[in-house]
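Welcome! Here are some short exercises to work through with the structure open beside you.

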Amino acid sequence: MATVSGAPPTALERLRISMRQNGEIIQQQRSLYAARRENFRASVQNFLQEQQVDRVAMSRRDLQELTDVQFFASHNFVNFCSFACVLSVTFCLGIMGWGEDHTAYKMIHDQHQTLLTPVFWSYSMLLVIFFLEGVFVLFQLTNSYKHLPIVEDAIGFWFFAVNCCQLGWVISYSFGVIWLSTLFMLVNVGFLSVLNVYLYNHEYVNAPRRLNAQAPSTREMKDFNIVTEYAVFRAPFQMHCAWAVFILLVQMNEFYVERELPAPAIIALSCLILLWILGLGVLFVPRYPLFIMPLMVAWGAMGIWVELSDPRTIILQSYNQTELKRMKGAAIATCIEHLLLPLIRFAFHFATTYSVTEKEDDPIPSRV
């Protein structure tokens with residue numbers, strides 16, 4: 001298969017084609033199941049009308065035994081329940097420190113100081129992420145949004161898996177088990193990455209369609225728009241993914257220092273460089289840049305910058321002035337670059353994508 005210009009499709013384009021075909025198959029199966037459900041309901045209604053029965057005392061188990069219908073928890077329900085558990089446990093263990101055998105999150109943070117550890121108030125970004133994800137959870141419970149393809153096909157149960165890992169991370173970190181919390185955050189980053197890949201390859205609902213792409217339904221066009229889709233169904237997970245990567249690097253440094261391994265300053269600087277590469281990568285490598293993720297990198301770097309501006313006594317005792325100045329300078333550079341580059345990249349992307357000629361000739365839509 002060839003692209004519009006005649007060149008063979010790239011690996012990314014082949015992946016998108018394959019995912020789009022799988023999505024069409026899933027949509028056909030869903031339509032078939034919906035038709036069968038309507039036929040089943042019609043037959044039951046006809047039977048009750050013939051027997052002149054208004055109500056039937058029948059439990060879910062009775063219905064399952066009579067019809068072999070399989071009941072299962074929908075992704076909307078498990079997303080809501082798992083997210084509610086994350087909020088509850090984060091508040092009780094992480095913030096309030098309830099219990100006898102563990103301490104609050106801030107005390108654990110103060111006990112495991114490294115060169116990469118940000119100032120504590122920078123963790124308030126997690127509250128912003130939780131708020132946006134809470135908005136998503138409420139939206140995906142409503143009848144207007146819970147059956148949208150982006151919810152069923154792209155997000156699905158991945159958000160549930162993310163919440164499970166987040167729950168494990170909060171509990172293990174609150175009890176001071178650094179190696180286990182690092183492992184949970186590593187798996188969490190993996191699930192968030194997969195979730196964002198699915199979202200990236202899912203078409204915006206009212207963007208110009210590509211060749212051979214399935215047209216969105218009338219209901220989607222009525223109840224949905226590109227701003228709502230990005231703010232509710234995409235931005236929270238992009239922010240969470242970038243912030244989880246930052247927390248993972250901090251956790252790796254805490255584990256490294258806890259084991260008293262050599263050259264912790266070099267490891268911290270290397271992790272900050274990896275964070276810098278991540279921010280630039282999501283801006284310049286994908287065809288459709290992810291503008292919000294570098295801002296999370298800038299926020300984390302700013303937290304390191306502020307913390308090293310007035311380092312704690314344990315940091316002054318563990319590292320020399322050269323290492324502190326080098327790390328602080330790298331944090332400042334990372335913060336400023338990742339604040340300015342997304343603005344420049346967005347202006348360039350907008351100018352090249354929405355020019356008059358390309359808007360008329362290019363059938364491939366842009367993305368936020």
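**Exercise 1.** Which residues do ring pairs link into a cluster?

*Solution.* Start with the ground rules: this is a predicted model, where local features need pLDDT of at least 70, side-chain atom pairs count only at pLDDT 80 or more, and totals for chains, interfaces and linings use all residues. Residues are numbered from 1 along each chain as its sequence is written, and side-chain values use heavy atoms, leaving out hydrogens and water. Rings of Phe, Tyr and Trp (its six-membered ring) pair if their centres lie within 6.5 Å; planes under 30 degrees apart are stacked, over 60 edge-to-face, and the rest tilted. The cluster consists of Phe 83, Phe 130, Phe 136, Phe 139, Tyr 145, Phe 159, Phe 233 and Phe 237.

**Exercise 2.** Classify the pair of Phe 136 and Phe 233.

*Solution.* The ring centres are 5.7 Å apart and the planes stand at 85 degrees, so this pair is edge-to-face. Next, place the partners: Phe 136 sits in helix 5 (residues 125–139) and Phe 233 in helix 10 (residues 226–233), 97 residues apart. Helices here are DSSP runs (H or I, at least four residues), numbered from the N terminus. Finally, both Phe 136 and Phe 233 are buried (under 20% relative accessible area, with exposed over 50% and partly exposed in between, using a 1.4 Å probe and protein chains only).

**Exercise 3.** Do the same for Trp 158 and Phe 191.

*Solution.* With 6.0 Å centre to centre and 50 degrees between the planes, this pair is tilted. Trp 158 belongs to helix 7 (residues 158–174) and Phe 191 to helix 8 (residues 178–200). Trp 158 has 27% relative accessibility, so Trp 158 is partly exposed; Phe 191, at 26%, also counts as partly exposed.

Key
Helices (H or I, at least four residues) and strands (E, at least two) are DSSP runs, numbered from the N terminus.
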